[in-house]
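Colleague: Please take a close look at one part of this model, beginning with a single side-chain contact and working outward from there, with the supporting values given at each step.

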Amino acid sequence: MPTVRTFRVVPNLPERLLPLGILARNLWWTWVPYASDLFSRMDSDLWEKTRHNPVDLLGALPQERLEALAADDAFLSNMDQMVGDLNAYLGRRTWFEQVHGSSTDLQIAYFSAEFGLHESLPIYSGGLGVLAGDHLKSASDLGIPLVGVGLLYRRGYFRQYLNRDGWQQEVRTAYDFERLPLHLETAEGQPRRISIEIASREVFAQIWRAQVGRVPLLLLDTDLPENNPEDRSITDE
């Protein structure tokens, strides 16, 4: 029987637009009022269609549109300003450094079942997630050496809409993590994994990382072939 593989063909970012990849994968832009305008300018309709997900947007834009943006001086100036602002933000002396100095080896782990950072990372359902997300953003602003730890849900939380009769309907989506503002943590070219014993069996989880300004958010994913179906569903929704 032939082997069937799925390939996703994406446009190639022109060299001049490579900083967009860095901007898209640091969620700092989600609490900077003007930052989302940069992505919206690339294609406002597609920006809405991708639920304001810059990683998905960059992968869906036609190559000719990317080439046009790479030659658009006004857009490039806006992009360069945003990159400069991000670098200035990451490099400035923070409240924590002013009070405690920069030589401390303190590191704080912040565990939560959900983190509500932005709609482009649908791993939250309500107030707990929004509160946890705000804590990460505040820790980034203050320079607190925080590391978030949570779960990366394959189907997140359902979306809601009203049908023609006014009834609430639900839509559940299985997400492609490669199209979210994340990257897979690796060691020596292999996905970084942990294991834990649950009910006398070993359960594996690989680690994805979301960057929230200065704060890393490590998200565990148990949807792995090594796990049985019950354990793979731990991080389902």
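**A serine and its surroundings**

Modeller: In this predicted model, the side chains of Ser-120 and His-118 are joined by a polar contact of 2.8 Å. Ser-120 belongs to the loop that runs between strand 1 (108-111) and helix 8 (127-142), and with a relative accessible area of 3% this serine counts as buried, since the cut-off for that class is under 20%. Leaving aside residues up to four places away in sequence, Ser-120 touches Leu-27, Arg-51, His-52, Asn-53, Leu-180 and Pro-181.

One of those neighbours, Arg-51, deserves a separate remark on its backbone: its phi is near 60°, which is a positive value in a residue other than glycine. Most residues other than glycine have a negative phi. Arg-51 sits in the loop between helix 3 (44-49) and helix 4 (54-60), and its relative accessible area of 23% makes it partly exposed, whereas Ser-120, which it touches, is buried. A positive phi is also found at Glu-188, about 55° in a residue that is not a glycine; Glu-188 is in the loop between strand 6 (186-187) and strand 7 (190-191), and at 86% relative accessibility it counts as exposed.

Moving from the polar contact to charged pairs, a search of the whole structure gives 11 salt bridges. Side chains of opposite charge can pair when their charged atoms come close. Arg-201 takes part in a salt bridge with Glu-230, in which the closest N and O atoms are 3.6 Å apart. Arg-201 lies in strand 9 (residues 201-212) and Glu-230 in helix 9 (residues 229-232), so this pair ties together parts that are 29 residues apart in sequence. Arg-201 is partly exposed at 24% relative accessibility, while Glu-230, with a relative accessible area of 55%, is exposed. Arg-201 also meets the side chain of Asp-231 in a salt bridge of 2.7 Å, N to O. Because Asp-231 lies in helix 9 and Arg-201 in strand 9, that pair in turn ties together parts 30 residues apart in sequence. Asp-231 is buried, at 2% relative accessibility.

Elsewhere, salt bridges that share partners join Arg-155, Glu-170, Arg-172, Asp-236 and Glu-237 into one network. Within that network, Glu-170 forms a salt bridge with Arg-172, the closest N and O atoms being 3.4 Å apart; Glu-170 has a relative accessible area of 44% and is partly exposed, and Arg-172, at 43%, is likewise counted as partly exposed.

For the nonpolar side of the picture, consider helix 5 (residues 63-70), in which Leu-66, Leu-69 and Ala-70 are buried. These residues cover an arc of only 100° around the axis, which means that they are on the same side of helix 5. The buried residues of this helix pack against helix 2 (35-42) and helix 6 (73-91). Nonpolar side chains also occur at the surface, where Trp-95, Val-99 and Leu-142 make a patch of about 280 Å², and Val-99 has its place in helix 7 (residues 95-100).

Note on methods. Residues are numbered from 1 along each chain as its sequence is written. This is a predicted model: local features need pLDDT of at least 70, side-chain atom pairs count only at pLDDT 80 or more; totals for chains, interfaces and linings use all residues. Side-chain values use heavy atoms; hydrogens and water are left out. Helices (H or I, at least four residues) and strands (E, at least two) are DSSP runs, numbered from the N terminus. Buried means under 20% relative accessible area, exposed over 50%, partly exposed in between (1.4 Å probe, protein chains only). A polar contact is a pair of N or O atoms within 3.5 Å; within protein, one must be able to donate a hydrogen and the other to accept it, and residues adjacent in sequence count only if both atoms are side-chain atoms. Contact means heavy atoms within 4.5 Å. A salt bridge is a side-chain nitrogen of Lys or Arg within 4 Å of a carboxyl oxygen of Asp or Glu. Patches are made of residues with over 30% relative accessible area and no salt bridge: like charges are joined within 9 Å, nonpolar side chains (Val, Leu, Ile, Met, Phe, Trp, Tyr) within 5 Å. Accessible areas come from the Shrake-Rupley method with a 1.4 Å probe; for residues, only the protein chains shown count as cover. The arc is that of the directions from the helix axis to the C-beta atoms.
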